Each structure stands twice: as C-alpha cells, then as structure tokens.
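Student: I have a model open and want to learn to read its strands and its ligand site. Where do we start?

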Amino acid sequence: MIIEPKIRGFVCITAHPEGCAEKVAQEIAVAKAAHFEGGPKKVLVIGASTGYGLSSRITSAFTSGADTLGVFFERPSINGKPASAGWYNTVAFEKEANAAGLYAKSINGDAFSNEIKDTVVETIKQDLGKVDCVIYSLASPKRIDPADGTIYKSCLKPIGSTFNNISLDTNKGEIQEVSLEPATDDDIHQTVKVMGGDDWELWMEVLAKNDLLASDCKTVAYSYIGPEVTWPIYKNGTIGVAKLDLDRASKEISNKYGLESYVSVNKAVVTQASSAIPVVPLYISILYKIMNQKGTHEGCIEQIVRLFKDRLYGESTELDSDGRIRVDDWEMDPEVQQKVADLWPQVTSDNLRQLTDFNLYQKEFLELFGFGLESVDYSQPVEVDRPIKGLITD
Ligand code: NAD
C-alpha cells in the first residue's frame with residue numbers, strides 16, 4: 001500500500017517501513033564512523049525500538065560489535081495497516097546487525113510485567129550467558145504493577161502552583177498560552193511508580209538473582225533536567241520527582257550488586273515521548289536553532305555515541321556533584337541557555353520560523369515515523385507486513 005503520514009495530536013498513527021529503515025541506516029553510519037575498542041559486548045536494552053533506546057542498541061552493535069537483546073512495546077501490522085515505527089526500526093536494525101554477523105533478538109511486550117522479565121532471563125541464559133551492559137530507556141504513560149495488578153498512570157503536571165506560559169501547537173504552528181493545574185499527591189505518587197526507578201531495580205534484581213550480570217556489567221537509565229523555563233513542568237514537576245527517584249535507584253543498584261550504575265542526563269531531542277510534553281517542542285525548536293548556529297547540535301545517536309565512547313567506556317565517566325553523567329553539557333552551556341532565555345519572550349506565531357528552527361523540529365518529527373526522507377519514494381506502494389526475524393515469542 002501507499003503510506004502517508006496521519007498525524008493525530010502529537011503522534012503519527014502511520015509509519016513507513018522504508019523511511020524507518022533509512023533513518024536506522026543513517027544512525028548506523030554515525031555509529032560505525034565512531035568505532036572504538038573496549039565497548040560492551042552483550043547488551044540488554046529495555047525500550048530499544050525508538051529514540052534513545054534505539055540509538056543505544058545501534059551504538060552498542062555498530063561502535064563495538066555487541067550482541068543485543070532489545071525489549072519494547074510496539075504494534076505489528078494488523079489487517080493490512082502499517083506497523084508502528086518502532087516495529088519497522090527493529091526490522092531494519094536486525095537486518096543490518098545480522099548482515100554484520102551480530103546476534104540481535106527482540107522481545108515485544110510489557111517490560112513492566114513479570115512475564116517479559118522471565119522471557120528475557122530465559123533468552124539470556126540460552127543465548128548470551130551474561131550481559132555486560134543494561135540500558136534502561138523506557139518512556140511510558142502507564143504501568144501495571146506486577147506485584148498486585150495496580151495500574152499507575154504518569155502525568156506531566158507542575159507541583160504546588162498553576163503553570164502559565166507559552167507553548168507551541170506543533171500541528172498548527174501556532175504559539176498558544178498554556179495553563180496547567182498543579183498535581184495532587186496521588187499524581188506525583190503514580191508518576192514516580194511509572195517513570196521512577198522501581199522497575200529498573202526489579203530488572204536488575206531478576207538479572208542478578210539469575211546470575212546473568214557479568215562482573216564488569218554497567219547499567220544506565222536516562223534522565224533529563226533542562227532549562228529553567230521548563231522547570232515548573234519538568235524538573236520541578238511530577239516527571240522531575242520520578243527522575244529524582246532514578247538517582248535513588250541507581251545508588252541502590254550499585255550498592256546491592258556491586259556494579260557501575262549511572263543516571264545519564266541527556267539533551268532534549270525530538271522523540272515520541274518528548275513531543276507529548278507541553279512547552280518542550282517550543283524549547284527544542286529554539287534550542288535547535290541556537291545549537292546549530294554554534295555547531296553543537298546533536299540527535300539521539302550523536303548523544304549516545306558520545307555517552308558510550310567518551311564517558312561509559314572512555315577515559316573518564318565525569319560525574320556531576322550529584323553523581324550523574326551529563327551529556328546534556330552542550331545544551332546547558334550558559335551561552336546557549338542565555339540565548340534561549342533571550343529568544344523565549346520574543347517568539348510569536350508570526351516569527352516562529354525565523355526565530356526558531358521549527359522547520360527542523362517538524363522534519364525530525366516526521367522522520368520519527370519514516371516520513372520526509374529524501375531517498376524514499378513515497379509514491380510507491382510498499383509491503384506493510386514485515387516480520388521481525390529475531391522476535392522471541394512464547
Ligand atoms: P521514546 O518514546 O522514543 O522510546 C520509548 C521506548 O520505550 C520505546 O522503545 C517503547 O517501545 C518503549 N516502551 C514504552 N512502554 C513500554 C512498555 N510498557 N514495555 C516495553 N517497552 C515500552 O522515548 P525517549 O524520548 O527515547 O525516552 C527514553 C528515555 O530517555 C526516557 O527515560 C526519557 O525520559 C529519557 N530522555 C528523553 C529525552 C528527550 O528529549 N526525548 C531527553 C533526556 C532523557
């Protein structure tokens with residue numbers, strides 16, 4: 001069939017398999033060019049199909065020749081409809097990894113569940129023996145607690161007082177006023193349950209209990225801090241409390257299992273998760289303009305290559321005073337942030353495309369779903385039903 005983008009709010013409900021393959025190929029090329037010795041060899045990526053997790057899988061495989069096991073929650077093609085982007089990304093990744101002689105298998109299902117953890121345990125036992133790197137890169141709106149079946153929902157709300165600011169309607173390309181009501185204690189609790197460190201700890205517990213962690217194993221979860229303009233909705237909001245809980249979990253993991261455990265603070269990039277956060281698309285559009293002018297613009301793959309090559313497996317991990325890795329350092333450069341703060345109050349719907357790089361934001365958003373890539377002929381019909389060869393099914 002011929003597949004066109006169908007955008008609903010901040011998601012695109014269609015995806016293009018050839019476009020996704022092209023994007024994956026571009027990321028693989030960046031990783032290959034950064035090849036280095038001493039990287040991980042057997043990597044488990046939780047949240048491996050899009051965004052930072054996909055780039056972590058690609059970086060592991062193509063900078064260091066690692067075997068990878070990926071866990072994600074994606075939609076296959078059903079009744080002739082396109083699969084989700086993460087499904088097609090995985091089809092493309094596995095094809096390239098296999099062609100390079102690398103092991104690549106995938107598990108599609110709810111990473112919060114005991115069943116998926118058990119499947120991962122059995123797969124590592126059978127195929128890999130142990131893993132030497134575990135990347136935790138989930139971004140999810142809800143979690144069913146496997147202990148008692150309680151459903152928790154995460155939310156993006158300020159804490160303490162109402163947040164009023166401008167935001168960007170990315171469909172209309174218009175600046176709008178937003179007003180967000182403060183979270184209740186229950187909102188905070190639920191968001192921590194979904195996006196905090198609880199599930200990361202459960203993963204490390206089950207892997208340790210089954211003796212599947214190599215003695216030099218490292219584990220990393222991803223976090224974000226960002227600029228003051230987003231603090232009410234991010235760092236000081238419900239999601240920020242959940243991200244603080246990752247710091248707690250990281251220390252617990254390191255103490256309990258005696259391995260290197262880190263929270264890496266990454267930069268703001270366009271992903272399916274970030275496009276859903278109020279205010280953030282406007283911030284990213286301004287940031288992209290400034291970082292491109294300065295020559296420091298990075299996407300997911302450049303960030304993760306730098307994380308692996310220079311920090312995790314480089315000369316120095318370089319932790320901040322709270323013990324976190326900071327690959328958001330170029331974003332948080334005071335000169336960059338001063339320019340963001342200067343531009344922020346000036347942006348209107350009329351000057352949006354002059355003062356910010358909303359064009360690049362929109363391009364990257366479409367590319368998340370495999371659209372807008374020059375090398376793809378979108379007028380040609382394509383097969384939508386593409387199997388993931390290394391998919392492990394019960
Ligand atoms: P994303 O939406 O691109 O990826 C989320 C991944 O989680 C996908 O692979 C998806 O399939 C998987 N997933 C979601 N729910 C799942 C479930 N129940 N079971 C199994 N898999 C599930 O998101 P992203 O932006 O790459 O975010 C990943 C991490 O990076 C998050 O912790 C996020 O806070 C952090 N981060 C993101 C940014 C940013 O700007 N995007 C910046 C810094 C840190």
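Tutor: Start with a β-α-β unit in this predicted model. Strand β11, helix α7 (residues 238–257) and strand β12 form one, and its hand is right.

Student: How many bridges join β11 to β12, and do the strands run parallel or antiparallel?

Tutor: They run parallel, joined by 6 bridges. For a register mark, take A221, which stands opposite V263 in β12.

Student: What does β12 pair with besides β11?

Tutor: Strand β13 (residues 325–326), through 2 bridges, again parallel. There S264 stands opposite I325. As for cover, 5 of the 6 residues in β12 (residues 260–265) are buried.

Student: How should I think about side chains along a strand?

Tutor: In a regular strand they alternate between the two faces of the sheet. Now pick one residue: T219, in β11 (residues 213–223).

Student: Is T219 buried or exposed, and why?

Tutor: T219 counts as buried because its relative accessible area is 0%, and the cut-off for buried is under 20%. Beyond its neighbours within four places in sequence, T219 is in contact with V134, W200, M204, I253, L259, E260, S261 and Y262.

Student: Which residues are closest to the ligand?

Tutor: S49, Y52, A111, K243 and T271, out of 30 that surround the ligand. Check polar atoms next. A polar side-chain atom of T50 sits 2.9 Å from a ligand oxygen. A backbone N or O atom of G109 is 3.3 Å from a ligand nitrogen. The protein buries 92% of the 840 Å² that the ligand exposes when taken alone. Two elements, α2 (51–64) and β11, each give two or more residues to the shell around the ligand.

Definitions and conventions
Residues are numbered from 1 along each chain as its sequence is written. This is a predicted model: local features need pLDDT of at least 70, side-chain atom pairs count only at pLDDT 80 or more; totals for chains, interfaces and linings use all residues. Side-chain values use heavy atoms; hydrogens and water are left out. Helices (H or I, at least four residues) and strands (E, at least two) are DSSP runs, numbered from the N terminus. Buried means under 20% relative accessible area, exposed over 50%, partly exposed in between (1.4 Å probe, protein chains only). Contact means heavy atoms within 4.5 Å. Two strands pair if DSSP finds at least two bridges between them. A crossover is right-handed if, with the strands pointing away from the viewer, the path from the first strand over the helix to the second runs clockwise. A residue is near a molecule or strand if one of its heavy atoms lies within 4 Å of it. A polar contact is a pair of N or O atoms within 3.5 Å; within protein, one must be able to donate a hydrogen and the other to accept it, and residues adjacent in sequence count only if both atoms are side-chain atoms. Accessible areas come from the Shrake-Rupley method with a 1.4 Å probe; for residues, only the protein chains shown count as cover.
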